[in-house]
Amino acid sequence: LQSQPDSLLYHSIKYKNFLEDLLNCQSHYVLIKNSDHTIIAALPLMIKQGSLGSIINSLPYYGSNGGMIGDINNPNVIKLFKDHLESLDYASMTFVSSPILDNIAHISPEVTDQRVSQITPLNPSVDDFDVYIESLIESSTRRNINKAKRLGIEVKVRNYDALDFLEKIHNENMQVIGGKAKTHNFFQKIPHHFIADQDFKIYTAELNNQPIAALLVFLYNKTAEYFTPVTKHEFRESQPMAAILAHALKDAMIMGYDNWNW
């Protein structure tokens, strides 16, 4: 996985263990090896029993990207994957393809559904990160960042200490829009499976030393994942998330990440 520039957090073993623990599902990873037993391709699957039989998903949980990774343009590899999938007994099988790789079309699904994805290219080799970030954003976003600064909003990395705030405001935000909130277990299990500053960061925007917004970012291989943003409703006009994003994008480049996946 580390040898594949396009592998995402969702392909990782830590995320596999996280999903199994969180969803009480069973992993079923299909590996293709060459003659010297080197893995050249992989297909992550998660299986859970439903009322009509096995439900297979690559991958479950709020649209986690799955699909094939590795030598996926090799017709022999594709045939092996197809043969294995046809041997499985299931009621439903869903693939959520990677926004970087078109890795599902080879499997020829019966039903397809297209969604818009957005990845911002980062450049860790530039001389001035601030100038590069300014080149990425529109003038209205620059005004939002400057507004947050004028109001005295500060961005800090709080990680474990921010989990409770992240969960509380996430639930409030989802309730307002009628969305489906992530469970308490999601937030509680993050420290059990991921290491702060290595696998994830939680940024907070603070006004008078009180948090008013936060962002959970997962980190893996070449890509930083914009995962769970929250803002206290009464402070939205203060643009705390714009301040967080300016800080987090720069942080990602300092750490050497090439992509920011929205």
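Here are some worked exercises on the predicted model shown above.

## Exercise 1: The overall fold

Describe the protein chain as a whole, from its secondary structure to its surface.

**Solution.**

Step 1. Start with the elements: the protein chain has 7 helices and 13 strands.

Step 2. Now judge its compactness. The radius of gyration is 20 Å, close to the 18 Å from the globule rule for 262 residues, so the protein chain is as compact as a globular protein of that length.

Step 3. For the dimensions, take the C-alpha trace along its principal axes, where the span is about 60 × 45 × 30 Å.

Step 4. Turn to burial and surface. Buried residues make up 45% of the 262 in the protein chain. The accessible surface is about 14,100 Å², and 47% of that belongs to carbon and sulfur atoms.

Step 5. Finish with the contacts. Among those between residues at least 6 apart in sequence, 67% join residues at least 24 apart.

## Exercise 2: An open sheet

Work out the strand order of the open sheet of 3 strands, and then say which strands stand at its edges.

**Solution.**

Step 1. The order is β2-β3-β6, and the pairing is antiparallel.

Step 2. Look for strands with a single partner. These are β2 (30–33) and β6 (69–70), which stand at the edges, so each has one side without a neighbour in the sheet.

Step 3. Follow the pairing of β2 with β3 (residues 39–43), which is held by 4 bridges. Val30 has Leu43 as its bridge partner, Leu31 has Ala42, and Lys33 stands opposite Ile39.

Step 4. Check the turn. The hairpin of β2 and β3 has 5 residues between the strands, and His37 there takes a positive phi near 70°.

Step 5. Move across to β6. Strand β3 pairs with β6 over 2 bridges in the antiparallel sense, and Ala41 stands opposite Gly70.

Step 6. Which side chains of β2 are buried, and which are not? Val30 and Ile32 point to one face and are buried, whereas Leu31 and Lys33 point to the other face and are not buried.

## Exercise 3: The partners of β4

Trace the pairing of strand β4 with β1 and with β5.

**Solution.**

Step 1. Begin with β1 (residues 26–27), which pairs with β4 (residues 46–50) over 2 bridges in the antiparallel sense. In this pairing, Gln26 stands opposite Ile47.

Step 2. Then take β5 (residues 53–58): 5 bridges join it to β4, and the two run antiparallel.

Step 3. Inspect the connection. β4 and β5 form a hairpin with 2 residues between them, and Gly50 stands opposite Gly53.

## Exercise 4: Aromatic pairs and a lysine

Find out what parts of the chain the pair of Phe18 and Phe194 ties together, and then place the pair in its aromatic surroundings.

**Solution.**

Step 1. Searching the whole structure gives 15 aromatic pairs. One of them is Phe18 with Phe194, at 5.2 Å centre to centre and with 65° between the planes. An angle over 60 degrees counts as edge-to-face, and that is the geometry of this pair.

Step 2. Locate the two residues. Phe18 lies in helix α1 (residues 13–23) and Phe194 in the loop between α6 (184–193) and β10 (200–207), so the pair ties together parts that are 176 residues apart in sequence.

Step 3. Are these two residues buried or exposed? Phe18 and Phe194 are both buried.

Step 4. Widen the view. Phe18 and Phe194 belong to one aromatic cluster, whose members also include Tyr62, Phe186 and Phe227.

Step 5. Add the charge. The charged end of Lys182 sits over the ring of Tyr62, 4.6 Å from its centre. The charged end of Lys182 also sits over the ring of Phe186, 5.7 Å from its centre.

## Exercise 5: The setting of Lys82

Describe where Lys82 is found and what it contacts.

**Solution.**

Step 1. Lys82 is found in helix α2 (residues 75–87).

Step 2. With a relative accessible area of 29%, Lys82 is partly exposed; that class lies between the cut-offs of 20% and 50%.

Step 3. Leave aside the neighbours within four places in sequence: Lys82 is then in contact with His106, Ile107 and Ser108.

Step 4. Take Ile107 from that list. Lys82 and Ile107 are 25 residues apart along the chain, and their C-alpha atoms are separated by 6.5 Å.

Conventions: Residues are numbered from 1 along each chain as its sequence is written. This is a predicted model: local features need pLDDT of at least 70, side-chain atom pairs count only at pLDDT 80 or more; totals for chains, interfaces and linings use all residues. Side-chain values use heavy atoms; hydrogens and water are left out. Rings of Phe, Tyr and Trp (its six-membered ring) pair if their centres lie within 6.5 Å; planes under 30 degrees apart count as stacked, over 60 as edge-to-face and the rest as tilted. Buried means under 20% relative accessible area, exposed over 50%, partly exposed in between (1.4 Å probe, protein chains only). A charge sits over a ring if NZ of Lys or CZ of Arg is within 6 Å of the ring centre and within 35 degrees of the ring normal. The radius of gyration is taken over C-alpha atoms; the globule rule is 2.2 Å times the number of residues to the power 0.38. Contact means heavy atoms within 4.5 Å. Accessible areas come from the Shrake-Rupley method with a 1.4 Å probe; for residues, only the protein chains shown count as cover. Two strands pair if DSSP finds at least two bridges between them.
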